[in-house]
Amino acid sequence: MKNIVRFWVASLAMVMALTLAACGGGGSAPAPTAAPSGGGAASGGGEAAGGGGAPISSIEVTAKGEQLLFNVDEIGPFTSGSEATITFNNTSTINQHNLLVIKGDRTVTTAVNDAGAEAGTSAAYVPDDPAVVAHTSLLDPGSMESVSFTPEAGATYYYICTVPGHYVAGMIGEITLAP
Ligand SMILES: [Cu+2]
């Protein structure tokens, strides 16, 4: 009888272990591997803003309606050593926006955004910081402006809006460089 109970407990433990393993595998592994392959196929189709297509030298970015977002989260790929031009069209009918090109990671973009708020509206929320490699002025609704910069190979670039509250709401995108 003792042996039977022991066997039952061992079997139960084994079933629980298998169940946990199955849950862990089902919850994490298949979903992420499925998503990137689908996204890669879509962006490889030749979408200008997808970042996965042929190198570009210029692109237009807009506001996403009246949301505190850009219309795209990623632009490129630009070519290192060649001039890249971003035209920011503030298509909002109510919000002012700007666009700053930042050289650095997300720690840098956050620091620049904070410094931009301190710089204030008279400075168009653009801080005096070497990480800011290009920037528009503070654009009224319906106005647009182009900025250019020459990306350096191996560097990381983002574009952000530093109007207070906009960056934290998600007004940031990544600039990709061709390999
Ligand atoms: Cu903005």
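Buried, in these notes, means under 20% relative accessible area. I am working from a predicted model.

**Entry 1: Asn113**

I began with Asn113, and located it in helix 3, which covers residues 106-119. I then looked up its accessibility. The value is 10%, so Asn113 counts as buried. Next I listed its contacts, leaving out residues up to four places away in sequence. Asn113 touches Ile160, Cys161, Thr162 and Tyr167. One of these, Cys161, led me to the metal site, since Cys161 is a donor of the copper ion.

**Entry 2: the copper site**

Which protein atoms are the donors of the copper ion? I found ND1 of His97, SG of Cys161, ND1 of His166 and SD of Met171. They lie 2.0 to 2.7 Å from the ion. I checked the geometry next. The angles subtended by the four donor atoms run from 90 to 135°, so the arrangement is tetrahedral. The cut-off I applied asks for all angles between 85 and 135 degrees.

I wrote down the spacing of the donor residues as H-x63-C-x4-H-x4-M. Then I placed two of the donors in the fold. His97 sits in the loop between strand 3 and strand 4, and Cys161 in the loop between strand 7 and strand 8. The pair therefore ties together parts that are 64 residues apart in sequence. Are His97 and Cys161 buried or exposed? Both are buried.

**Entry 3: the nonpolar core**

I turned to the largest nonpolar core, which has 35 residues. Which members touch the most other members? They are Val61, Ile75, Ile86, Leu99, Val101 and Ile175. I asked where the core residues come from. Strands 1 to 8 each supply at least two of them. Strand 7 gives the largest share, four residues.

I followed Leu99 further, again skipping residues up to four places away in sequence. Its contacts include Val61, Phe70, Ile86, Phe88 and Ala134. Also on the list are His135, Thr136, Val147, Tyr159 and Ile160. Ile160 had already turned up among the contacts of Asn113.

**Entry 4: the five-stranded sheet**

I traced an open sheet of five strands. The order is 2-8-7-4-5, and the pairing is mixed. Strand 2 and strand 5 are the edge strands, each pairing on one side only. I looked up the turn between neighbouring strands of this sheet. On average it is 25°, direction ignored.

I then took a single pair. Strand 2 and strand 8 pair in the parallel sense over three bridges. Ile75 stands opposite Ile175 in strand 8. I had met both of these isoleucines in the core list.

**Entry 5: backbone oddities**

I looked for unusual backbone geometry. Where is the cis peptide bond? I found it joining Gly76 and Pro77, with omega about 0°. Pro77 lies in strand 2, an edge strand of the sheet above.

I also noted positive phi values in residues other than glycine. Ala124 has phi near 60°, and phi of Tyr125 is near 60° as well. I placed Ala124 in the loop between helix 3 and strand 5. Tyr125 is found in the loop between helix 3 and strand 5 too. Last, I checked their burial. Ala124 counts as buried because its relative accessibility is 12%. Tyr125, with a relative accessible area of 15%, is also buried.

Methods. Residues are numbered from 1 along each chain as its sequence is written. This is a predicted model: local features need pLDDT of at least 70, side-chain atom pairs count only at pLDDT 80 or more; totals for chains, interfaces and linings use all residues. Side-chain values use heavy atoms; hydrogens and water are left out. A nonpolar core is a set of buried Ala, Val, Leu, Ile, Met, Phe, Trp, Tyr and Cys residues joined through side-chain atoms within 4.5 Å. Buried means under 20% relative accessible area, exposed over 50%, partly exposed in between (1.4 Å probe, protein chains only). Helices (H or I, at least four residues) and strands (E, at least two) are DSSP runs, numbered from the N terminus. Contact means heavy atoms within 4.5 Å. Donors are N, O and S atoms within 2.8 Å of the metal (3.2 Å for Na, K and Ca); water is not among the atoms, so sites may look incomplete. Four donors count as tetrahedral if all angles lie between 85 and 135 degrees; four count as square planar and six as octahedral if opposite donors are over 155 degrees apart and all others between 65 and 115; anything else is irregular. Two strands pair if DSSP finds at least two bridges between them. Axes are lines fitted to C-alpha atoms, for helices over the stretch in contact, and angles run from 0 to 180 degrees between N-to-C directions.
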